[in-house]
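Open the model in your viewer and switch to a cartoon display. We will go from stop to stop, selecting a few residues at a time.

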Amino acid sequence: MQAIRIGQFDIGKVADFAGPAFDPAEFFPDYDPEVVRANRDLIGPALLDPASGKLVFSFHSFVVRTGRHTILIDSCIGNDKERPARPQWHRMKTSYIDDLAGLGVRVEDVDYVMCTHLHWDHVGWNTRLADGKWVPTFPNARYVMARREVEHWQGVHDSGADTPHATAFGDSILPVIATGQALLVGDDYALDDGLWFEPYPGHTPGNVVIHARSGGERGIFVGDVLHHPLQCLKPEWSTRACSDPDGSRTSRTRFIEEYADSGALIMPAHFPDPTAGWIRRHRAAFRFDFRQ
Ligand SMILES: [Zn+2]
């Protein structure tokens, strides 16, 4: 992804993984291969891998430098995490921290980590393993999370659920609460330099998108309100990863209709390179135009 400017904001991306990830019919319960066949020009081999038949995903963070603050949006998968239910990402080792340094950001430079939601693949680098303990990766950061979302996953964790999300709450959220670095906020929280939350619940109960505005320009970190460009063609397709598929469908449709042809640059958490782009009206539905 080319560096992005939104007004004064400078935005980069650091990925933990990019490649074929999920079988479309498993991932989207309403999947219909005819939609791909009819839209070959929009859903090409970079988005649906012909060899494996899988949806191509990226798992990444965005790094926003506002001029005043350095902010990480979603902290991706993380190294060394116990994720036996996700073998592809179990005890992973990536060069994420070096890649962040390649963008000119050291771990101590990060002022805020803002999470769209608390699924395992959005919180992993909140912490790192040091002498057998999970400690905050970013020693000077406040970790900004919607209180509604934290309370939901605290409940799941406390119930003893054995899922990647519950495990991630233990190894990636509780340690930053323990050091006092967590900032639990309302789901309309605004950071003074032009970044703010807006609730779009459904994928998870406290799911938010993060708006960015600077110098009259708009961008939106949409998290998992959109997982794949196919959902612009089919906004009604929720995923098996959604807590509440009906709520997710409502939120996604509302988002797409609101921001199609709006000029706001959409930055999803899982679209492969070049990742960012615009939602545009297309025939009876919508399409995603990648920013090249
Ligand atoms: Zn995700």
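**Stop 1: a run of paired strands**

Start by selecting Trp196 and His211: His211, in strand 12, is the bridge partner of Trp196. Keep in mind that this is a predicted model. Now widen the selection to residues 195–199, which are strand 11, and residues 208–214, which are strand 12. The two strands pair in the antiparallel sense, over 5 bridges.

Next, add residues 217–223. This is strand 13, and it pairs with strand 12. Again the sense is antiparallel, with 5 bridges. To see one of these bridges, pick Ala212 and look for its partner in strand 13, Gly219.

What lies between strand 12 and strand 13 in their hairpin? There are 2 residues between the strands. Click on Gly215 in this hairpin: its phi is positive, near 55°.

**Stop 2: the open sheet**

Move on to another sheet. Here 7 strands form an open sheet with mixed pairing. Trace them in the order 1-2-3-4-5-8-9. Which strands are at the edges? Select 4–6 for strand 1 and 182–185 for strand 9; each of these edge strands pairs on one side only. Turn the view to follow the twist, which averages 25° from one strand to the next.

Zoom in on strand 1 and add residues 9–22, strand 2. These two run antiparallel and are joined by 3 bridges. Show the side chains of Ile6 and Phe9: Phe9, in strand 2, stands opposite Ile6.

**Stop 3: a helix on the sheet**

Stay with the open sheet and bring in helix 5. This helix packs on the sheet, touching strand 8 (142–146) and strand 9. Compare directions: helix 5 makes about 80° with strand 8.

**Stop 4: two helices meet**

Select residues 147–158 for helix 5 and residues 164–178 for helix 6. Their axes are 8 Å apart, and they pack at an angle of about 110°. Helix 5 is therefore roughly perpendicular to helix 6. The crossing is left-handed.

Which residues of the two helices meet? Show these as sticks:

- From helix 5: Val150, Trp153, Gln154, Val156 and His157.
- From helix 6: His165, Ala166, Phe169, Gly170 and Ile173.

Finally, colour this contact by residue class. You should find 6 nonpolar and 4 polar residues, and no charged ones.

Terms used. Residues numbered from 1 in each chain as written. Predicted model: local features only at pLDDT ≥ 70, side-chain atom pairs only at ≥ 80, totals over all residues. Axes fitted to C-alpha atoms, helices over the stretch in contact; angles between N-to-C directions. Helix = DSSP H or I, 4+ residues; strand = E, 2+ residues; numbered from the N terminus. Parallel < 35°, antiparallel > 145°, perpendicular 65-115°, else oblique. Left-handed = near helix turned anticlockwise from the far one by under 90°. Contact = placed C-beta atoms within 7 Å. Nonpolar A, V, L, I, M, F, W, Y, C, P; charged D, E, K, R; others polar. Pairing = 2+ DSSP bridges.
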